[in-house]
Amino acid sequence: MTLVDFWFILIAVLWTGYFFLEGFDFGVGMLLPILGRDEVHRRVLINTIGPLWDGNEVWVLVAGGATFAAFPIWYATMFSGFYLPLLLILVALIVRAVAFEFRGKTPAIDPVVWRRRWDACIVFGSYVPAFLWGVAFANIARGLHLDADHEYVGTVFDLLNPYALLGGVTTVGLFLLHGAVFVSLKTVGDIRVGATVLAVRIGLAAAVVAVPFLVWTQAQRGTDVTLLLFGLAVAGVLAAIGLVRAGRSGWSFLANGIAIAAVVGGIFTGIHPDVLPALDPANSLTTTIAASSPYTLTVMTWVAGFFTPVVIAYQAWSYWVFRKRIGTQHIPVAVGAH
């Protein structure tokens, strides 16, 4: 394996980790108006992800930084081609982060109105990236309008094709299921019961949407390996539904996480050795063309080998510290902290 291949695989792992981890806190945010029937229930939901969501976002920063350093041409083409969707994702993530911080502060207006507005921001900041990440990766799997210099020459409307929109709906469905199962795993009482029932319904809907998307992807980029991964993804979703219905929320969460990882892994496997396939294959951007120099990749490998275990260990520790289930009885009467 060359360093170029190693870094392509590592970037795929980073994106997989991001969607596995942030997928569930996107899901909890999207479910806020459904499972949070009153203020106490909404505070329980927010507290399930309160100590974790910002750590989960580190993965997308690392994935973007690694792409910039290891494959600068890939980074430049992708970020210029997806400029508007990525800008919307960034705005949504900022709005969501501000909402988490401000909804519990002393309101300048009526407290009910204050919290409803920030809750709306959390929902907006969860749906938009969950949908647009799916649109972006589906377009990468489909192929882009690249010219002979590997620069994007399409428009933003070219990105909104039926296949990409189906990809966006698929990621929303998988993240909603991930969030519902996570709430079932992290709560007690009526919230847990409601999340379990909802997870089964969302899971069935997610499977209905995901199967045609995966079949379509297999038809475009399919290999024996992608067929195996996409089959694993469907099995993971079905297993997650059955396990959460049986009260095994932890195993259900793992099963749906495997499904998400299999979808992302299948897309990266399907496009390799390209990093950005073009609709005209002659213009596709390959790993070899997009890669940095061997010296840069060597230095990056040493740095990643030292810091990656530290970051993973810290995040595992934070999950261990906040591992206990919570319920409405754990929420103080006073309005404030979230």
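Here are two short exercises on this predicted model, each with a worked solution.

Residues are numbered from 1 along each chain as its sequence is written. Local features need pLDDT of at least 70, side-chain atom pairs count only at pLDDT 80 or more, and totals for chains, interfaces and linings use all residues, while side-chain values use heavy atoms, with hydrogens and water left out.

**Exercise 1.** Work out whether T217 is buried or exposed, and which residues it touches.

*Solution.* Start with the place: T217 sits in helix 9, residues 190-221 (helices are DSSP runs of H or I, at least four residues, numbered from the N terminus). Next, accessibility: T217 counts as buried because its relative accessibility is 2% (buried means under 20% relative accessible area, exposed over 50%, with a 1.4 Å probe and protein chains only). Last, contacts, meaning heavy atoms within 4.5 Å: leaving aside residues up to four places away in sequence, T217 touches A141, Y163, G222 and F230.

**Exercise 2.** Describe the surroundings of R221: which residues does it touch, and how far is its C-alpha atom from that of F268?

*Solution.* R221 is also found in helix 9. Skipping residues up to four places away in sequence, R221 touches A141, R142, G143, T226, G270 and P277. Zoom in on R142: its backbone oxygen lies 3.3 Å from a polar atom of the R221 side chain. Then take the long-range pair: R221 and F268 are 47 residues apart along the chain, and their C-alpha atoms are separated by 9.8 Å.

Definitions and conventions: Helices (H or I, at least four residues) and strands (E, at least two) are DSSP runs, numbered from the N terminus. A polar contact is a pair of N or O atoms within 3.5 Å; within protein, one must be able to donate a hydrogen and the other to accept it, and residues adjacent in sequence count only if both atoms are side-chain atoms.
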